[in-house]
Amino acid sequence: MINEPANLRILAVDPGEKRLGIAVSDLSATIANPLTVLQHISRLIDAASIARLAEEQSARLIVVG
């Protein structure tokens, strides 16, 4: 029996000192595509922006690194 891939969309964050690169995966969580670049403001505001994007994209997992 072959397991079907779970519908798991991942939001990936590439943090930098001035900007944060954001990418989102397809539903099979195998291919990621660039979504946007956020300007770093503060950790609290950045985290809120990332959470909002995750909700908008229906991401069930956020990966930073």
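Start by selecting α1, residues 43–56: this helix (a DSSP run of H or I, at least four residues, numbered from the N terminus) has 14 residues. From first C-alpha to last it reaches 20 Å, close to the 20 Å expected at 1.5 Å a residue (1.5 Å times one less than the number of residues). Bear in mind that this is a predicted model, where local features need pLDDT of at least 70, side-chain atom pairs count only at pLDDT 80 or more, and totals for chains, interfaces and linings use all residues. Numbering runs from 1 along each chain as its sequence is written, and side-chain values use heavy atoms, with hydrogens and water left out.

Next, pick D46, S49, I50, L53 and A54, the buried residues of α1 (under 20% relative accessible area; exposed is over 50%, partly exposed in between; 1.4 Å probe, protein chains only). They sit on the same side of α1 because they cover an arc of only 140 degrees around the axis, taken from the directions from the helix axis to the C-beta atoms. Flip to the face turned away and you'll find exposed L44 and E55.

Now show the strands (DSSP runs of E, at least two residues). Four of them make an open, mixed sheet, ordered β3-β2-β1-β4; strands pair if DSSP finds at least two bridges between them. The edges are β3 (32–39) and β4 (61–64). Zoom in on L11, whose bridge partner in β4 is I62.

Finally, click L53. Beyond its neighbours within four places in sequence, L53 is in contact (heavy atoms within 4.5 Å) with L11, I22, L35, T36 and L38.
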